[in-house]
Amino acid sequence: MLSEFDIIQRYFTRPTFSASLGVGDDAALIKPAAGMELAISTDMLVAGHHFFADANPRMLGYKSLAVNLSDMAAMGARPRWATLALALPESLLQTKEKWLEAFADGFFGLACTHQVELIGGDTTCGPLNICVTIIGEVAKGKALRRSGAKPGDDIWISGHLGDAALALAHIQQRIALEPDEVLACLPALLMPMARVELGQRLIGLAHSAIDISDGLLADLGHILECSKVAAVIEMNAINQSAVMKKYLPQPLAINCLLAGGDDYELCFTAPRAKCGKIESISRELEIPLTRIGRVSKGEGLVVLDAVGKSIELRIKGYDHFRT
């Protein structure tokens with residue numbers, strides 16, 4: 001049977017290329033480049049809460065890093081290093097080696113794409129639990145924050161929203177999608193694309209930014225609260241997939257679009273004068289960037305439907321402590 005150290009050595013040890021000291025000691029040693037400061041974020045994924053226990057391990061390895069890369073994108077940071085803490089249940093022991101090989105393939109495949117180095121972590125036996133800490137670099141004083149939104153700013157989103165939540169709703173039998181619609185929506189849920197390069201390009205243009213992990217209303221709400229401002233957004237202005245357009249205005253689809261979560265797109269605010277540059281970035285990166293509303297003085301968030309009527313949702317976003 002593989003020991004903890006066998007697992008680390010066989011599946012999670014790679015040559016160091018940017019850290020002074022990586023996996024294999026009591027701690028890693030890293031040093032930011034001159035003129036840079038460190039951005040650090042941690043995300044925990046728990047089986048049965050954030051993902052299904054029988055989830056494809058390769059996709060799970062990918063997603064466990066992708067959600068952390070999205071946090072770096074929201075700060076405009078370049079991801080550099082990561083640590084991984086992994087708890088494996090007894091039920092996986094019979095297939096542990098195949099599971100670990102697939103998980104590591106997914107994790108390191110995405111890590112290599114973004115030149116992220118795994119520099120440490122921990123493994124243990126217990127309920128399936130994945131915790132990644134990511135460390136990135138951003139020029140001193142230049143990081144994008146939630147607290148910089150200003151009255152008059154346009155509100156933008158990247159990509160389109162709601163498909164991951166629609167896929168989950170289908171899996172949970174809360175909605176019945178057609179087979180081709182399931183195939184169209186599942187990648188958003190299982191293998192989200194972190195907008196790392198976009199985040200870096202927004203430095204100097206955006207006043208504030210956040211990644212949409214808990215739903216647009218909840219995450220934009222964090223920007224408004226931290227910036228002490230209000231906003232009005234138009235639901236019809238939100239970029240939507242063909243599948244989402246088909247199921248709107250069903251209440252469940254509206255909830256997926258506005259509050260479903262698991263989108264991992266960026267929401268940011270920027271002055272109207274930067275509109276041309278942002279649209280140019282959209283074309284260069286081939287990422288849809290859409291204006292959906294505007295920041296104003298005051299407090300609160302208003303969502304308008306197609307006829308200008310305010311939409312009220314009972315659920316504002318994903319809550320880690322709501323069952």
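Reader: Is cysteine 275 buried or exposed?
Author: Cysteine 275 counts as buried, because its relative accessibility is 11% and the cut-off for buried is under 20%. Keep in mind that this is a predicted model.

Reader: And what about cysteine 226?
Author: Cysteine 226 has 38% relative accessibility, so it counts as partly exposed.

Reader: OK, how many disulfides does the structure hold?
Author: Zero disulfides.

Reader: Let's switch to the sheet. What's the strand order in the open sheet of six strands?
Author: The order is 6-8-5-9-7-10, and the pairing is mixed. Strand 6 and strand 10 (300-304) are the edge strands, each pairing on one side only. From one strand to the next, the twist averages 25°.

Reader: In which sense do strand 6 and strand 8 pair?
Author: They pair in the antiparallel sense, over five bridges. Serine 208 has threonine 269 in strand 8 as its bridge partner, and aspartate 211 has leucine 266 in strand 8.

Reader: Pair through what, though?
Author: Strands of a sheet pair through backbone hydrogen bonds.

Reader: Which residues point which way from strand 6?
Author: Ser208, Ile210 and Ile212 point one way, while Ala209 and Asp211 point the other way. That fits a general pattern: in a regular strand the side chains alternate between the two faces of the sheet.

Reader: How many residues of strand 6 are buried?
Author: Five of the five residues in strand 6 (residues 208-212) are buried, so the strand is largely enclosed by the rest of the structure.

Reader: Back to threonine 269. Where does it lie?
Author: Threonine 269 lies in strand 8, which covers residues 265-270. It is buried, with a relative accessible area of 0%.

Reader: What does its side chain make a polar contact with?
Author: The side chain of threonine 269 makes a polar contact with the side chain of serine 208, at 2.8 Å. So that's two links for this pair, because serine 208 also has threonine 269 as its bridge partner.

Reader: Which other residues is threonine 269 in contact with?
Author: Leaving aside neighbours within four places in sequence, the contacts of threonine 269 include Ala149, Asp153, Asp154, Ile155, Ile223 and Val295.

Reader: Ile223, which helix is that in?
Author: Ile223 is in helix 7, where it is buried. Other buried residues there include Leu216, Leu217, Leu220 and Leu224.

Reader: Which strands does helix 7 lie across?
Author: Helix 7 lies across strand 5 (154-158), strand 6, strand 7 (230-234), strand 8, strand 9 (289-296) and strand 10. Helix 7 runs at about 155° to strand 6.

Reader: What span should helix 7 have?
Author: At 1.5 Å a residue, the 12 residues of helix 7 (residues 216-227) should span 16 Å, and the end C-alpha atoms are 16 Å apart, which agrees. Just after the helix, lysine 228 takes a positive phi of about 60°.

Reader: Now helix 2. Which strands does that one lie across?
Author: Helix 2 lies across strand 6 and strand 8, and runs at about 165° to strand 6. Since 16 of its 19 residues are buried, helix 2 is largely enclosed by the rest of the structure.

Reader: What caps its N-terminal end?
Author: Asparagine 56 caps the N-terminal end of helix 2, with a side-chain oxygen 2.9 Å from the backbone nitrogen of arginine 58.

Reader: And what comes just after helix 2?
Author: Glycine 76, which takes a positive phi of about 75°.

Definitions and conventions
Residues numbered from 1 in each chain as written. Predicted model: local features only at pLDDT ≥ 70, side-chain atom pairs only at ≥ 80, totals over all residues. Heavy atoms only, no water. Helix = DSSP H or I, 4+ residues; strand = E, 2+ residues; numbered from the N terminus. Buried < 20%, exposed > 50% of the residue type's maximum accessible area, 1.4 Å probe, protein only. Polar contact = N/O pair within 3.5 Å; in protein donor to acceptor, adjacent residues only side chain to side chain. Contact = heavy atoms within 4.5 Å. Disulfide = S-S within 2.5 Å. Expected span 1.5 Å × (residues − 1). Pairing = 2+ DSSP bridges. Axes fitted to C-alpha atoms, helices over the stretch in contact; angles between N-to-C directions.
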